[in-house]
Amino acid sequence: MDPELIKDCVHCGFCLPTCPTYVLWGEEMDSPRGRIHLMAQHNEGVPMSPEMAGHFDACLGCMACVTACPSGVQYDRLIEHTRPVVEREHTREPRDRAVRALVFALFPYPRRLRLVKPFTRLNRRLAPFLERVHPTLGALAELTPPRSRTRPLPALVRARGRRRARVGLLTGCVQGAFFPDVNRATARVLALEGCDVVIPRGQGCCGALSLHSGYDARTFAKKTIATFEKAGVDTVVVNAAGCGSSMKDYADVLADDPDWRLRASRLKVRDLAEYLVELGPVAERHPLPLTVAYHDACHLAHAQGVRAQPRELLGEIPDLKVREISESAICCGSAGTYNLFQPAPARELGERKAVRVEETGADLLVSANPGCTMQITTAMRRLGRPPIPVAHTAQVLDASLRGLGTVR
Amino acid sequence: MTVFDRLEAIFPPDRVITDPVRLRTYECDGLTYHRATPMVVVLPETAAEVAAVVKACAEFGVPFVARGSGTGLSGGALPRSDGVLIVTSRMRRILSVDLDRRQAVVEPGVTNLAITEAVRDQGYYYAPDPSSQQICSIGGNVAENSGGAHCLKYGFTVNHVQALEIVTPDGEIVEISEDDFGYDLLGAFVGSEGTLGIATKITVRLMRAPEAVTTLLAAFETIEAGGQAVSSIVGAGILPAAIEMMDALAIEAAEAAVSCGYPADAGAVLIVELDGPTPDVESQLAEVIAICVATGSFEQRVAASAEERAKIWKGRKSAFAAVGRISPAYIVQDGVVPRTCLGEVLAGIDALQTEFGIRVANVFHAGDGNLHPLVLFDDTAPGEGERAEVVSGRILDLCILHGGSITGEHGVGVDKARYMPRMFTDADLDTMQRVRCAFDPGGRSNPGKVFPTPRLCGEVPRVRKGSPGEIF
């Protein structure tokens with residue numbers, strides 16, 4: 001925990017109202033300012049007690065505080081550096097260790113995820129039992145979306161009309177396994193906007209899950225960089241917020257290795273919405289008579305600062321109205337693996353978000369991160385609310401570009 | 001039986017904090033160079049719980065300090081290492097909103113901005129707007145009598161609180177209201193910095209949002225010319241919602257941090273905001289622009305949209321934090337001078353800069369003469385911290401010399417208690433002390449604040465870094 005980064009914090013408290021755990025509990029040590037104070041204490045030699053570790057574990061890593069901070073404190077880097085220290089110095093209960101091992105052996109591996117997919121329906125029925133075994137297993141069972149058919153994407157989708165760019169598409173782990181339609185829509189939108197879309201086979205996890213949880217992400221990062229270098233693309237386009245934010249951090253992740261750091265810094269990574277706005281529209285937008293609520297995924301809005309672009313893209317679609325969700329800066333509680341390891345606060349935040357989404361009265365929720373989508377739909381189901389259909393920005397654009405008229 | 005046993009009987013375990021690592025996160029508020037780890041922290045959720053804690057403190061002779069969001073800039077919520085810290089951050093319900101009577105009743109942990117957000121859609125707002133309004137608690141605002149950029153026209157917290165439910169230092173729950181007969185206890189309580197008890201329920205006035213708001217940015221070659229414009233505007237009988245000024249150093253910092261696009265080469269910029277019925281605002285705007293031109297302004301910009309208005313304010317809003325980026329450390333000072341002496345005092349500050357080799361950036365509420373000089377220094381350079389501290393104190397001397405005050409809105413707290421004798425005679429201080437003793441004869445409610453205590457020999461607080469808390 002770099003004392004120089006800690007020193008940037010002037011203790012003004014502007015981060016508190018955007019911190020989800022402070023919003024829930026109102027306690028200093030579960031706020032960014034308090035956690036930075038704990039980091040400083042640890043640097044002074046205070047050992048990593050279970051209490052201290054608990055407050056770091058309770059941080060969602062949503063980075064809303066980074067957006068709110070007027071002094072430019074890099075809390076994102078601070079917490080990313082703190083998590084491995086927690087893993088090293090804090091001994092978790094054997095049960096917790098076991099479920100963590102399970103999650104990290106499963107999620108970053110798309111093929112393994114696809115193997116467990118047939119059991120998802122069974123999962124939900126087993127949820128109460130699994131909940132008793134370990135809360136993380138209960139949350140896991142509750143969150144998994146219903147099965148969907150996966151058809152492999154082609155290795156190359158050619159640009160329609162004049163070719164303007166050659167981009168790579170990261171298919172992601174959870175996105176690829178549970179939301180394959182989002183990847184198909186992304187590829188179509190990019191192609192319709194004049195991009196050759198390269199979808200390298202055998203791409204693995206980008207390392208986001210590990211990086212955001214304090215585990216070593218370097219192997220994942222190197223493999224992903226090598227894959228896209230080989231694909232010979234101008235830009236890697238990412239449609240999952242968490243993945244995009246971790247890929248943009250590769251140079252920091254690989255800082256110890258000059259060669260890899262250089263390769264990382266040469267890899268141009270863009271979120272889909274960010275990329276489409278940079279590229280500028282050419283394809284015709286057909287009307288979509290819909291009212292949508294746009295949900296800011298934390299790793300898009302806060303970690304990548306991509307807030308205006310998705311709204312701009314949606315706003316350009318004729319007949320489509322965009323409504324804002326109140327408290328949009330507050331995380332929905334998904335936060336990577338957070339809803340698995342901290343199910344209680346995650347549920348509370350999920351329900352809070354579900355209520356705010358419902359208040360908008362929108363026909364459709366637009367969410368650009370698979371984790372958020374699962375989290376919010378699960379919360380709505382738990383609250384017994386009529387489910388609101390959820391689509392990725394890519395799917396809404398796809399529907400408009402293809403003139404489908406309505407999205408379901 | 002100890003006070004701990006009593007607290008554990010009042011609260012569930014998760015609302016009494018005794019773990020030393022956790023306790024230390026409460027060691028300071030927004031002013032970080034005074035630190036003390038509280039003996040115990042409690043997180044009440046009701047007035048009855050606050051009263052129970054305060055009673056327990058009375059019984060065991062233990063001091064207590066109330067804290068809201070911990071954003072104060074005078075150390076008013078500095079804990080006592082032998083005392084209980086009562087944190088109101090979980091008392092954050094808006095209890096009722098009555099638009100017909102234009103009032104809302106809220107708990108002390110509700111943030112200042114949350115009140116406005118609750119009524120904004122209906123066309124109302126809560127007027128006092130401290131820079132930290134997104135997080136500072138209304139209970140803290142009551143304790144400090146907080147202001148903000150717009151208090152020039154609309155007044156301070158004391159003008160917007162209609163009634164309070166308080167827990168007295170004996171642990172009694174009492175209601176005081178502006179409608180009460182007799183002495184103005186409400187007026188005495190607001191701004192008492194936690195020395196008279198703890199507010200547990202606050203009835204605030206809601207204001208109708210103005211029909212029109214317009215914001216002007218005027219650039220001047222010198223700060224004196226800007227100051228002249230301020231005097232002329234007020235002298236012309238115009239009462240803007242806000243008049244803010246920034247000097248060249250502050251502009252440079254803000255520009256570097258947020259690229260707010262203020263006119264280049266300006267020695268000072270003035271932000272004038274006018275609000276009210278549209279025809280009034282329009283005619284006043286024309287008059288203000290004419291005055292600015294007459295006093296030497298070389299560029300005037302009027303915000304054409306809400307976005308442009310936000311952009312003008314962004315530079316001002318970010319000035320404090322931005323200064324932190326151009327200087328390793330700084331002290332945020334808060335003093336008041338009569339508006340007519342603005343020029344002289346600024347010249348005096350200028351002389352201090354030269355004399356001590358310390359830079360001072362000026363950001364202030366020019367309309368009511370509330371200065372926020374930012375004394376910049378390098379905390380790693382030997383002796384610079386001490387020199388900055390001297391400059392900071394001398395600025396307050398200048399304010400007093402010109403008939404001003406040692407604090408405009410940040411409060412006395414622990415930080416300025418030592419300056420009180422420069423402004424008040426012993427007889428003044430004794431009189432204040434008597435008022436305090438009438439409420440708190442045991443001296444348990446936030447002791448050690450406001451009133452000067454004998455200073456330790458040669459004590460120079462270790463200044464880590466200033467705080468950007470005050471932005472508006």
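This report describes a sheet in chain A of a predicted model and then the contact between chain A and chain B.

## The sheet of chain A

In chain A, 5 strands form an open sheet with mixed pairing, and their order across the sheet is 1-3-2-4-5. Strand 1 (156-157) and strand 5 (269-271) of chain A stand at the edges with a single partner strand each, so one side of each has no neighbour in the sheet.

Strand 2 (residues 165-170) and strand 4 (residues 235-238) of chain A run parallel and are joined by 4 bridges; Gly168(A), for its part, has Val236(A) in strand 4 of chain A as its bridge partner. Helix 14 (residues 218-231) of chain A lies across strand 2, strand 3 (195-198) and strand 4 of chain A, and runs at about 150° to strand 2.

## The interface of chain A and chain B

The contact draws on 30 residues from chain A and 34 residues from chain B, and the area buried between the two chains is about 2,600 Å², with 54% of this given by carbon and sulfur atoms. On the side of chain A, the residues that lose the most area to chain B are Val10(A), His11(A) and Phe14(A), which together account for 22% of what that side buries.

## Polar and charged contacts

Between chain A and chain B there are 3 salt bridges, and Glu28(A) forms a salt bridge with Arg67(B) in which the closest N and O atoms are 2.8 Å apart. Across this interface, 15 residue pairs are in polar contact.

Helix 2 (20-25), helix 3 (32-43) and helix 4 (50-57) of chain A are the elements that give two or more residues to the side touching chain B, and helix 3 of chain A gives the most, with 5 residues. The residues of that side divide into 14 nonpolar, 9 polar and 7 charged.

Terms used: Residues are numbered from 1 along each chain as its sequence is written. Chains are lettered from A and ligands numbered from 1 in the order in which they are written. This is a predicted model: local features need pLDDT of at least 70, side-chain atom pairs count only at pLDDT 80 or more; totals for chains, interfaces and linings use all residues. Side-chain values use heavy atoms; hydrogens and water are left out. Two strands pair if DSSP finds at least two bridges between them. Contact means heavy atoms within 4.5 Å. Axes are lines fitted to C-alpha atoms, for helices over the stretch in contact, and angles run from 0 to 180 degrees between N-to-C directions. Buried area is the accessible area (1.4 Å probe) that two parts lose on being put together, summed over both. A salt bridge is a side-chain nitrogen of Lys or Arg within 4 Å of a carboxyl oxygen of Asp or Glu. A polar contact is a pair of N or O atoms within 3.5 Å; within protein, one must be able to donate a hydrogen and the other to accept it, and residues adjacent in sequence count only if both atoms are side-chain atoms. Ala, Val, Leu, Ile, Met, Phe, Trp, Tyr, Cys and Pro count as nonpolar, Asp, Glu, Lys and Arg as charged, and the others, Gly among them, as polar.
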